[in-house]
Amino acid sequence: MKDLTSGNIYKAFFLFSIPLILSSVLSQAFGIIDTSIAGLFLGSKGLAALGASSAAIVVVEAFFWGMNAGIGVSLSGSFGARDYEEFKKIVVSNRIFIFAVTSTLALLAIILNGPILKFLNVEEVIYIDSRNYFILMFINMPFALITHLYIYIFGAMGMSSFPMYISVASSVINIVGNILSVTVLDIGVIGLGLSTVISTIISFLLYTIKIRKCYQEMGVDKLSCRFKFKYVKRVFPAAIPNGVQQLSMYLAGFIISPIKNGLGYTAIASLSIVGKVESMMSLFYGNCARTISTYIPQCVGAKKYHKIKKAIGVSFIQSLVFVIPVMLVIWLFPQIICSLFFNSETEAEVIQNVVTYIKIFMPFMFFHAFSNAFHNVFRGLKNSTQLLISTSLCSVASIIFAFILCPIMGIKGYYLQAVLSWIIECIYIVIVYISGKWVPKPLRPMILGKKTSELSE
């Protein structure tokens, strides 16, 4: 456990971010391997089966991703204030609450899989595989979301190394399962889904064991905690806006999914790889930005307000240091990236779509990185208003541009709608920063200074 607000800020950010990035790289690795095995052994149709229903899975998970981030902010504040009893009570009650709610939602989604896949406009040629993967991912969902919550729990304690170790174990299990299911057992997409479920449940169990040891170090292991809704409500001011923000962001993807799937399975196959490229990029700048969402509430809890503005600058510098080399490698060698996912029988159109994205559209992800950094600043400051406005603006722009551009430009229109929505959100965030409204009113005098605070009113 570590107080990030003590010592050299550059060192603290670097040491905290590295395990987060490595952990995410490893987590992303088995997602990439899932997709790679699907592409190399199951072809474009296998890729399309994984991607066709992903929007429905993600839109349900998204709210809880955001909620978990908000819970992490609340826990960081409790940890910074050394209120370990409060910390444990929040963890126990919210863990039970999220597992119960997501299990219920997963069951409903499985029952209604037919109407959902029909809405998504899934092609008949990949329908069976898409349905099987859809069902397995919803079985996996409650365990995956609690595992995701654990990452924020340990992050709130300044512990970013343990999630990295869990990711290593999970990745190895998943990779071995993928290889066996496709090359030996020959059960295709079902095997990929089962491997994910097994590795997730094992991670869930390992996290559960470790958190009990942390309670011993805090001296609260003997504290009896049962589910109490008041500890769920206590995190709502941070958790609910974050959940709504994430939901609004991914809801746009769900709404435009029928348009995307209507472009044909070759386009969906291409977008499956594009999604992996975007995920690889975002895990670098996203995890750098996550440091600030832990650092800021610890500063607020410890009343070290003067450190917050400098921390934002450090976070941006760190993001650039990590992102630029990765982006440059991908941009210079797009064919090598494609070779990881496509075999000799893959349609040339699929490969060209991915290369076009990497060479022309991917560099615009710097706009997305900028917005993502401020999402974490807003979370850390519990500025739910600006978080919701900026994300909703991006989502609405994405939907409008998708309906306009995709029928005219096809898959390039899909790429372009994302770029335009990122740019619009960045413009809004710059305006908010200049005005000082990125800081909630009660904290402006402490963070911005009295004169600057008065000018921002």
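This is a short walk through one chain, from a central helix out to the surface.

A reminder before we start: the model is predicted.

Let's begin with helix α5, residues 127-156. Does its length fit its residue count? Let me put that as numbers. At 1.5 Å a residue, the 30 residues of α5 should span 44 Å. The end C-alpha atoms are 42 Å apart, which agrees. The helix does bend, though. The bend is about 45°, and it sits at Met141. A proline, Pro142, follows within four residues.

Is α5 enclosed or open to the outside? Of its 30 residues, 23 are buried, so the rest of the structure largely encloses it.

Look at both sides of this helix. Just after α5 comes Gly158, with a positive phi of about 75°. On the other side, in the loop between α4 (113-119) and α5, you find Asn121. Asn121 also has a positive phi, about 65°, although it is not a glycine. Most residues other than glycine have a negative phi. As for exposure, Asn121 has 39% relative accessibility, so it counts as partly exposed.

Now the interior. The largest nonpolar core has 106 residues. Which members touch the most others? Met157 and Tyr357 do. And which element gives the most to this core? That is α5 again, with 15 residues. There is also a second, separate core. This one has 22 residues, among them Ala311, Phe374, Ile429 and Ile447.

Two buried leucines next. Leu271 lies in helix α11, residues 265-302. Its relative accessibility is 11%, so Leu271 counts as buried. Pair Leu271 with Val354. They are 83 residues apart in sequence, but C-alpha to C-alpha they are 7.5 Å apart in space.

The other leucine is Leu448, in helix α18, residues 444-448. With 10% relative accessibility, Leu448 counts as buried. Take Ser421 as its partner here. Leu448 and Ser421 are 27 residues apart along the chain, and their C-alpha atoms are separated by 29 Å.

On to charges. How many salt bridges are there? The count comes to one. Glu86 pairs with Arg234, and the closest N and O atoms are 2.8 Å apart. Glu86 is in helix α3, residues 84-111, while Arg234 is in the loop between α8 (229-233) and α9 (236-255), so the pair ties together parts that are 148 residues apart in sequence. The two ends differ in cover. Glu86 is buried, at 16% relative accessible area. Arg234 is partly exposed, at 40%.

Last stop, the surface. In soluble globular proteins, nonpolar side chains tend to be buried together. Here is a set on the outside. Val168, Val172, Val176, Leu180, Val184, Leu185, Ile187, Ile190 and Leu194 form a nonpolar patch on the surface. Together they have about 740 Å² of accessible area. Which elements give two or more residues to the patch? Those are α6 (161-184) and α7 (188-218). The largest share, five residues, comes from α6. Ile187 sits in the loop between α6 and α7. At 37% relative accessibility, Ile187 counts as partly exposed.

To recap: α5 bends at Met141, gives 15 residues to the largest nonpolar core, and is largely enclosed. Glu86 and Arg234 form the salt bridge. The nonpolar patch on the surface draws its largest share from α6.

Key: Residues are numbered from 1 along each chain as its sequence is written. This is a predicted model: local features need pLDDT of at least 70, side-chain atom pairs count only at pLDDT 80 or more; totals for chains, interfaces and linings use all residues. Side-chain values use heavy atoms; hydrogens and water are left out. Patches are made of residues with over 30% relative accessible area and no salt bridge: like charges are joined within 9 Å, nonpolar side chains (Val, Leu, Ile, Met, Phe, Trp, Tyr) within 5 Å. Accessible areas come from the Shrake-Rupley method with a 1.4 Å probe; for residues, only the protein chains shown count as cover. A salt bridge is a side-chain nitrogen of Lys or Arg within 4 Å of a carboxyl oxygen of Asp or Glu. Buried means under 20% relative accessible area, exposed over 50%, partly exposed in between (1.4 Å probe, protein chains only). The expected span of a helix is 1.5 Å times one less than its number of residues. The bend at a residue is the angle between axes fitted to the seven residues ending there and the seven starting there. A nonpolar core is a set of buried Ala, Val, Leu, Ile, Met, Phe, Trp, Tyr and Cys residues joined through side-chain atoms within 4.5 Å.
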